[in-house]
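Q: I am new to this structure and would like to be walked through it. Could we start with the metal site?

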Amino acid sequence: MTSYFEEHNCEPLNDNPNTPDNLLEFARFLILTGNWRDEEFSGLFNERPPPPTSSDFIEKLETMEVSKEETGSSCPICLKGYEAGETISSLPCKHSFHANCLLPWLQKTSSCPLCRAELPTSDPDWEEMKRQKKREKDRETDIEALHDSMFG
Ligand SMILES: [Zn+2]
Ligand SMILES: [Zn+2]
């Protein structure tokens with residue numbers, strides 16, 4: 001049986017590890033099929049992964065001990081129900097997790113595991129990039145508001 005790629009006469013992907021051809025091929029496929037979404041995929045190419053959450057911030061996270069009344073809900077990371085006596089931490093977005101489950105996550109990245117709300121880091125470059133992004137977004141919102149006031 002011939003493979004899909006043989007039937008369609010595709011060039012095999014270059015497997016030189018120094019050129020991320022797989023990603024580029026994937027990107028090209030998405031563009032060709034109309035599925036490219038800048039905001040979702042540009043991150044694959046241009047942005048570095050988020051740095052860990054600031055340790056100051058982690059230390060000051062709101063934590064509480066699970067009481068008997070709260071044992072109905074469960075931790076979105078390990079999916080286990082909260083048990084009385086366990087410690088849970090809440091993020092500013094109001095999502096809460098076992099402290100023991102949340103900590104390793106925040107030490108790797110700086111967003112809420114559930115809603116991806118961004119959290120403070122201690123990386124000045126990253127913080128500057130976030131500020132720039134916010135400024136761009138504010139500008140877009142301004143332009144939209146202006147557009148709406150003119151044509152709305
Ligand atoms: Zn958990
Ligand atoms: Zn959240």
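**The zinc site and its surroundings**

A: The zinc ion (ligand 2) has as its protein donors Cys93 (SG), His95 (ND1), Cys112 (SG) and Cys115 (SG), at 1.9 to 2.4 Å from it. Donors are N, O and S atoms within 2.8 Å of the metal (3.2 Å for Na, K and Ca), and water is not among the atoms, so sites may look incomplete. This is a predicted model, in which local features need pLDDT of at least 70, side-chain atom pairs count only at pLDDT 80 or more, and totals for chains, interfaces and linings use all residues. Residues are numbered from 1 along each chain as its sequence is written, chains are lettered from A and ligands numbered from 1 in the order in which they are written, and side-chain values use heavy atoms, with hydrogens and water left out.

Q: Why is the arrangement around the zinc ion (ligand 2) called tetrahedral?
A: The four donor atoms subtend angles of 106 to 114°, and four donors count as tetrahedral if all angles lie between 85 and 135 degrees.

Q: What spacing do the donors follow along the chain?
A: The spacing is C-x1-H-x16-C-x2-C.

Q: And Cys112, buried or exposed?
A: Cys112 is buried, at a relative accessible area of 1%. Buried means under 20% relative accessible area, exposed over 50%, and partly exposed in between (1.4 Å probe, protein chains only). Cys115 is partly exposed at 39%, and Cys93 is partly exposed at 26%.

Q: Where is Cys93 placed?
A: Cys93 is in the loop between β2 (87–90) and β3 (96–98). Helices (H or I, at least four residues) and strands (E, at least two) are DSSP runs, numbered from the N terminus.

Q: Which residues is Cys93 in contact with, leaving aside neighbours within four places in sequence?
A: They are Cys112, Cys115 and Ala117, where contact means heavy atoms within 4.5 Å. The C-alpha atoms of Cys93 and Ala117 are separated by 6.9 Å, and the two residues are 24 apart along the chain.

Q: Changing topic: how many helices and strands are there in the chain?
A: The protein chain has six helices and three strands, in the order α-α-α-α-β-β-β-α-α from the N terminus on.

Q: How many residues has the largest nonpolar core?
A: That core has 14 residues, and Leu102 is one of those with the most contacts inside it. A nonpolar core is a set of buried Ala, Val, Leu, Ile, Met, Phe, Trp, Tyr and Cys residues joined through side-chain atoms within 4.5 Å.

Note on methods. Tetrahedral: all angles 85-135°; square planar, octahedral: opposite > 155°, others 65-115°.
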